[in-house]
Each structure stands twice: as structure tokens, then as C-alpha cells.
Amino acid sequence: MHPRDQTIFALSSGRAPSAIAVVRVSGSQAGPVLTTLAGKLPAPRLASRRLLRDGAGQPIDDAVVLWFPGPASATGEDIAEFHVHGGRAVLATLLASISVIRNTRAAEPGEFTRRAFENGKLDLTEAEGLDDLIHADTDRQRRQALRQLQGLLGDRARDWRERIIEASALIEAGIDFSDEGDVPAELMAPAVEAIKTLHDEIKNVLAAQGHSERLRDGLVVAIAGEPNVGKSTLMNQLARREVAIVSPHAGTTRDVIEVQLDLDGYPVTIIDTAGIRETDDPVEQEGVRRARARAEDADLVLWLVESGQAVDPQTMRVLRSSGKDGDRSSGPVWIIRNKIDLGGAGGAAARGEFAISAREGDGIPDLVQALVEFAAEFFGASEGAMVTRARQRELLSRALDSLRRSLELVEEGEELAAEELRAAAYALGRLLGRVDVEDVLGAIFRKFCIGK
């Protein structure tokens, strides 16, 4: 039997031990599995308390079971669920009892969701939304993922694809009736109008997204500067816990230290780097190299100097130096003047400059608020964003380009315009996962948890 025709099972709740554990079974053998272990099938979608027994008739656990006959189930197949006590011995015995039943096997990561996708229960954008929802760390990530799971992009993409196909049908009908006088002209006019409308709609959606797909990964902020200016102390202040060693000795931080923060729902990764200076120590040299590399790749750099100290222009040129692709550093650089508690300049700072005391906490609330505002501007309209992945943006851009070319080619020949419309429909089909996406399915679903 092909693996896709086998019945799969897995623990779908948290790792044991736990108060309650949920084991899911999906496939044609789900009914026989439930009957074998629980005695008989319960009424569909009604919880039933049963004493589970293994193949030898020995009791396994006093459990709650549910029966979801397909196709009205999460995967579109027959599904059985066992809600048991979450002890390791209980789960081991239950899973072993299921595994000996004919044509059953343990599920692979994401296989339940993949079967739901293959059976038309959700499209690829909704599956991606489910993956994002599982891995959401902040409330904004959760809300964005939930909207995607509910079809925010998928529903629009299906509508766009249907309208493209309708416009393509009009153009191809005009080609078929090209010898019928004014028939082609009557068909082309509404087709062109429909294509223009579609082009503008998709263009507006893409223009409004900002860096919305980056909300999944978060904003990267690098703390950089010369040795012993308070970088690790600032890191601990922002994290509100001791994540970096603070020492009066220069060169304490040798490697890159990262911490993930939730700033008003925005995911932010703060990076503490080694002090940038000339040194003969090979270990510290590697730390300096890594610090410069992370500063170049960061979305924002917080460059720390002691209060009253001038900023070295050469250092700033290094921070803004060209990256691997010849581009400038990806993010702006803020000047953070630290140690105002020891005297020196304080008070109001210039735009992009902040005066703080990392040790005492002075000025930290203003810096955090500025970081929140920067994140809000960076992510743009993430609250209502449709695009949550680079894959989605790329395919929408391809569809937009094909629509634009179809409008340019209408006057040159209907056949060329029709071919571009087919390319646009194909791109949206790939977005939804309905055509030629086998190469991306494995990459998406293997990131899911086993049992999901």
C-alpha cells in the first residue's frame, strides 16, 4: 500500500508527561482502530468515555474518544481521537497498540495538515498561516497568522484567478471568432477593462504590505560600539534580565549574544556584539569580525558611545560599508550616548540620538518607545497584511508582471496577451498550491510538528 493510502497516527498534544494527551488517527483504518481499542464507534462528533484495551484485551486507560467520519473532518479522511492521561507509559502502550493494526503507521511531521491540503480542506496560504500560528511568539504574529489561516489572502487569490480566467476566455473567444466582423472588438473591450482592474488591485495590495512578511522573523537590532561602553548592560536592560556578562574589563564579550523580545507585539531580536577595536588576540579578532558582519546585516544598529565622546567617522563608515552584494548596510544607525549618570551630555538629543544610563535605566523607556515606533514603521500595515511570506510576494509579483505585459501586448496580438494571462493564472494557482507546487510542499510541511 502506498504511504499516502496508509492510516497515520501521532501524539498531537504536548510532550509527556501531561495531564491530558491527545492521540489522532487519520485514514481509512481510523474506524477499525477505534473499534479495536474502544469496543465500538461512538456517535460522530460526540465525546464518549471508554475503557481502552490492547489487542490482548488488557486495559490501557480510561479515556475519552471522538469519531469524525470523512469527508467532514479536519483532514477530509476518517479521524479518531483518543484523549488519555498523559503519562509516558499510557502513551507508549496506546501508540504501540495502534501500530500493530494493519496498514497503520506513525505520521511524519506536518502529515495531517498535508492531507488536509491534498483533500481540499485548506489551500497553501492557509497551511502557511497554520504553521505561522503554531510558531507565533507575539500577539501581532498570532493575529497575522490567524487572518491568513482564515483565508485573507487565499480568498482574494481565488477571486483574482477566476477573474483572470474569465478575461482570458473572452480574449480566446475573440481569437476563435476573428473572422466574424466586430465580434472580437466586443469581447476585447470588457477583457481589457477586467485586466486593468485586476492589475490595479494586485498592485495596490503589494504596495501596502511594507515589510509585512518580516513579521514572522522579526526585527533585528544590533548593539555595537567600542569595548567597555556598556553594550552588555544595555542588552540586560532591554531584556529585563541578565543575559550577558557585564565586566569592567575590555573584550569580555567575544561572541554574538541574541535575545528575543516582544515590544508591543512586535518580535525584535536584540544582538549584543563584541567591542569593535584593533586587537592582536585572534579570538577577539573573530568576535570583532562577527560583530561587524551582524551590524551590516541588522535592520537597525544601536552604536554606543560614552556620553560626551565624539563618534569616530571611520567607525561609522565601516558600519555603513558595502555588504556581500555591494549594497550599503541594510539599516540605519542610531547613536546611543551612554553613562549620562557619570556626567557629560544629557537632556535632549538630536534625531537618531539618545542619551541614556544603561546601568541606572535613565532614558531606557524613551529608547524602547523609539524602537516600538521604528518597528511599527518598518513592518508597515502588518495588522491587515495579506502577504506573510517571501514566496507569496514573489508569486503575486509574477502575476502582476504578466497582467502588465498582457495589457501591453493586446494591440500586438491577442494570442500573446492570452499567453500572459495564462501565466498570471498559473502564478496564482501556485500561490494557492493548486498547480505544480510539489517542490515547495515538502519544505513547508516538514517544519510542522508531528501530529499536526
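**Note on the predicted model: helix α8, aromatic pairs and backbone outliers**

1. What covers the buried residues of helix α8 includes strands β7 (219-225), β8 (257-263), β9 (266-272) and β10 (300-306), together with helix α11. The model under discussion is predicted. Helix α8 spans residues 231-239, and 8 of its 9 residues are buried, so the helix is largely enclosed by the rest of the structure. The buried positions of α8 are K231, S232, T233, L234, M235, N236, L238 and A239. After α8 comes R240, with a positive phi near 60°.

2. I223 gives a view of this region from strand β7, where the residue is found. The relative accessible area of I223 is 0%, so I223 is buried. Leaving aside neighbours within four places in sequence, I223 is in contact with K231, L234, M235 and L238, and also with I270, I271, D272, T273, L302 and L304. K231, L234, M235 and L238 are among the buried residues of α8. Between I223 and W334 the C-alpha to C-alpha distance is 9.7 Å, although 111 residues separate them in sequence.

3. The structure holds 5 aromatic pairs. In the pair W334 and F354, the ring centres are 5.1 Å apart and the planes stand at 40°, so the pair is tilted. W334 belongs to strand β11 (residues 333-338) and F354 to strand β12 (residues 353-355), so this pair ties together parts that are 20 residues apart in sequence. Both rings belong to buried residues: W334 has 11% relative accessibility, and F354 has 16%.

4. Another pair is F374 and F378, with ring centres 6.3 Å apart and planes at 20°, so it is stacked. The cut-off for pairing is 6.5 Å between centres, and planes under 30 degrees apart count as stacked. F374 and F378 both sit in helix α11 (residues 364-379), 4 residues apart, which is about one turn of the helix. F374 and F378 are both buried. Helix α11 is also part of what covers the buried residues of α8.

5. Which residues form one aromatic cluster? They are Y266, W334, F354, F374, F378 and F379. Y266 also has a charged neighbour: R140 lies over the face of its ring, at 4.0 Å from the ring centre. Elsewhere, R24 lies over the face of F112, at 4.8 Å from the ring centre.

6. R24 appears again in the annotation. For "binding site", an unreviewed UniProt entry lists R24, E81, K121 and K452. K121 is placed in the loop between α3 (111-118) and α4 (124-134). With 39% relative accessibility, K121 counts as partly exposed. Not counting residues up to four places away in sequence, K121 touches P71, A72, S73, A74, T75 and G76, as well as A116 and E126. A polar atom of the K121 side chain lies 2.7 Å from the backbone oxygen of P71.

7. P71 deserves a separate entry. The peptide bond from G70 to P71 is cis, with omega near 5°, and P71 is located in the loop between β4 (59-68) and β5 (79-86). A cis peptide bond also joins A16 and P17, where omega is about 0°. P17 lies in the loop between β1 (7-11) and β2 (18-26).

8. Positive phi values come next. Most residues other than glycine have a negative phi, and most peptide bonds are trans. R45, not a glycine, has a positive phi of about 60°. R45 sits in the loop between α1 (30-38) and β3 (48-53) and, at 41% relative accessibility, counts as partly exposed. N103 has a positive phi near 65° and is likewise a residue other than glycine. N103 lies in the loop between α2 (88-99) and β6 (104-106).

9. Overall figures. The protein has 14 helices and 12 strands. Of its 452 residues, 48% are buried. Among contacts with a separation of 6 or more, 65% come from residues 24 or more positions apart. The exposed area is about 21,700 Å², of which carbon and sulfur atoms supply 50%.

Key. Residues numbered from 1 in each chain as written. Predicted model: local features only at pLDDT ≥ 70, side-chain atom pairs only at ≥ 80, totals over all residues. Heavy atoms only, no water. Phe/Tyr/Trp six-rings, centres within 6.5 Å; stacked < 30°, edge-to-face > 60°. Helix = DSSP H or I, 4+ residues; strand = E, 2+ residues; numbered from the N terminus. Buried < 20%, exposed > 50% of the residue type's maximum accessible area, 1.4 Å probe, protein only. Lys NZ or Arg CZ within 6 Å of the ring centre and 35° of its normal. Contact = heavy atoms within 4.5 Å. UniProt positions renumbered as here; feature names shortened; annotations may be inferred. Polar contact = N/O pair within 3.5 Å; in protein donor to acceptor, adjacent residues only side chain to side chain. Areas by Shrake-Rupley, 256 points an atom, 1.4 Å probe, with all protein chains shown as cover.
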